[in-house]
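Okay, thanks for coming, everyone. I'll put the structure up and then walk through it piece by piece.

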Amino acid sequence: MLSRLRSIINNINKDPNRKIRVLTFPTHEGYQSTLGLVPNVEWHMYMFNGGKKWDYHTRNLPPNHYIYEQTAVRGDVQFDCVLSQEPLSQYPIARNLKESFGIPLISLFHTEVYPNMTPKRVAHIKQSQISDINIFITKHNQSSWGYDDTNSIVIPHGIDTNIFSGWTGGQKAGISCVNHFKQRDVFCGFSIWEEVAKSVQMALVGENPGVSQSINDPVKLAQIYSQYAFFLNTSVLSPCPLSLLEAAACGMPIISTANQEVPKIFTHSESALLSNDPKTLIKYCNEVMNNQELAQKLGNNARKLILDNFNVDQFTKNWRNVLE
C-alpha cells in the first residue's frame, strides 16, 4: 500500500517535460539497443554483484543509457518504473527496488521456460512473482510461462529495416549469428549447425572465442549478411532469435529449424525453408545456393514479413504505451 501511495505521489510531482526513467539490468544488448529508440526515455542499468555485465562485443552502449556498477543504486535519481528481464536472478532485486522507490514493476520474459524447470516450479514463479505488467516477445513464450492476453502483453521484436537491408548474395556460403554457440547448444542448436557445416560452407558471427567474433556495429553486420547466400538459424529453445529477424529484414533467404514461434512467423517455402532434420536443412542450403529465383523469392517475402510485423514503429509505440 505504501509503495502504491508513493508511486501516485511521484507521478503527481513528476515534471511533465522530464524523460521517463526506467531502472533495469543488462540483459540482451540487441533488444536493449532497440528499447533505446523509444522516444523520451532514459534507461538506467544496474549491474549488481553476480549479475550480467553489458557486453560491448555485442553492442555499444546507446547514448540514452546509464550504467550503475556500484553495489547500490543511486538514491538521488527519481525513477518511474523498474524493469526485470529475467525471473530468477533479476526479479527478486527488481521487487526490492520497486518497494524501495515506490515505483511500478514490469516483468519482461525473453525466453521459453528453462529446460530444467518442472511445471510446479513454473507455476510457483507465476504465482509468487507479481508484477504490474508482464510482457512477452512472442505468443509462444507467453503460453510456455502459463500466461495469456488477459494477464500479459505480447510486444513483437522491432527491427530497423533501414539498417538491415540490401541483400545481394554472391558468396557460395551461408552465415549464422550466435554468441557462445557451443555452450548454449540446448537453446541454439550448435550440434545441428555443426552437422550442416560438415556438408555446406558456413560462416559464423558471434562471441565464440577461437572460432568467431561479435560485430557490435549493426551497419557492419548488415553489410556482412548481404554478402552471403542464405542465413541459417538452428534455434531449439528460443522464442524467436533477434538475429534471425535481422537477417530476414536484409532480404536474405532464410533456412531454419521449425521450433517455438519460428514456424508461426515464417511460412515454409514462401518466406523460409523450415525443417528440424539436419539432412533436409543441408538439402535446402544447396537448393538456395543453386536456384537464384527461389533465393530471391524467399528473401523478398522474408523482408516484407519484417516490414509488416516487426518494424521499429510498432515496437516503440507499444513500449511507449506501456511506460506511459
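So, to start: what percentage of the 324 residues in the chain is buried? The answer is 56%, where buried means under 20% relative accessible area, exposed means over 50%, and partly exposed is in between, with a 1.4 Å probe and protein chains only.

Before I go on, the ground rules. This is a predicted model, so local features need pLDDT of at least 70 and side-chain atom pairs count only at pLDDT 80 or more, while totals for chains, interfaces and linings use all residues. Residues are numbered from 1 along each chain as its sequence is written, and side-chain values use heavy atoms, with hydrogens and water left out.

Right, the overall build. We've got 13 helices and 12 strands; these are DSSP runs, helices being H or I with at least four residues and strands E with at least two, numbered from the N terminus. The radius of gyration is 20 Å, close to the 20 Å from the globule rule for 324 residues, so the chain is as compact as a globular protein of that length. That radius is taken over C-alpha atoms, and the rule is 2.2 Å times the number of residues to the power 0.38. If you want a box, the C-alpha atoms fill roughly 65 × 45 × 40 Å along the principal axes.

Contacts next, meaning heavy atoms within 4.5 Å. Take those with a separation of 6 or more: 66% of them join residues 24 or more positions apart.

On the outside, the accessible surface is about 14800 Å², and carbon and sulfur atoms hold 51% of that. The areas come from Shrake-Rupley with a 1.4 Å probe, and for residues only the protein chains shown count as cover. As for charge, there are 29 positive and 28 negative side chains, and the centres of the two sets sit 3 Å apart. Lys and Arg count as positive, Asp and Glu as negative, and His and the chain ends are not counted; the charge is placed at NZ of Lys, CZ of Arg, CG of Asp or CD of Glu.

Now the aromatics. Rings of Phe, Tyr and Trp (its six-membered ring) pair if their centres lie within 6.5 Å; planes under 30 degrees apart are stacked, over 60 edge-to-face, and the rest tilted. That rule gives 15 aromatic pairs. Why is the pair of Phe181 and Phe190 called edge-to-face? Their ring centres are 5.2 Å apart with the planes at 75°, so edge-to-face is the label. Both Phe181 and Phe190 are buried. Tyr225 and Phe231 make another edge-to-face pair, 5.5 Å centre to centre and 75° between the planes. Tyr225 is buried at 0% relative accessible area, and Phe231 is buried at 1%. There's also a cluster made of Phe109, Tyr114, Phe136, Trp145 and Tyr147.

Have a look at helix α9, residues 242-249. How many of its residues are buried? That would be 8 of 8, and Glu246 is among them, along with Leu242 and Ser243. Just after α9, Gly251 has a positive phi of about 90°.

Speaking of phi, most residues other than glycine have a negative one. His180 goes the other way, with phi near 50°. His180 is in the loop between β8 (171-177) and α6 (185-188), and is partly exposed at 33%. Then there's Ser269, with a positive phi of about 75°, in the loop between α10 (262-265) and β12 (273-274). Ser269 is partly exposed at 32%.

A few single residues to finish. His65 is in strand β3, buried at 4%, and leaving out residues up to four places away in sequence, His65 touches Gln32, Gly36, Trp43 and Met45. Thr138 lies in the loop between β6 (133-136) and α5 (139-144), yet at 5% relative accessibility Thr138 counts as buried. Beyond its neighbours within four places, Thr138 contacts Glu112, Val154, Pro239, Cys240 and Glu261.

And Asn49, in the loop between β2 (41-46) and β3 (65-68): buried or exposed? Exposed, at 61% relative accessible area.
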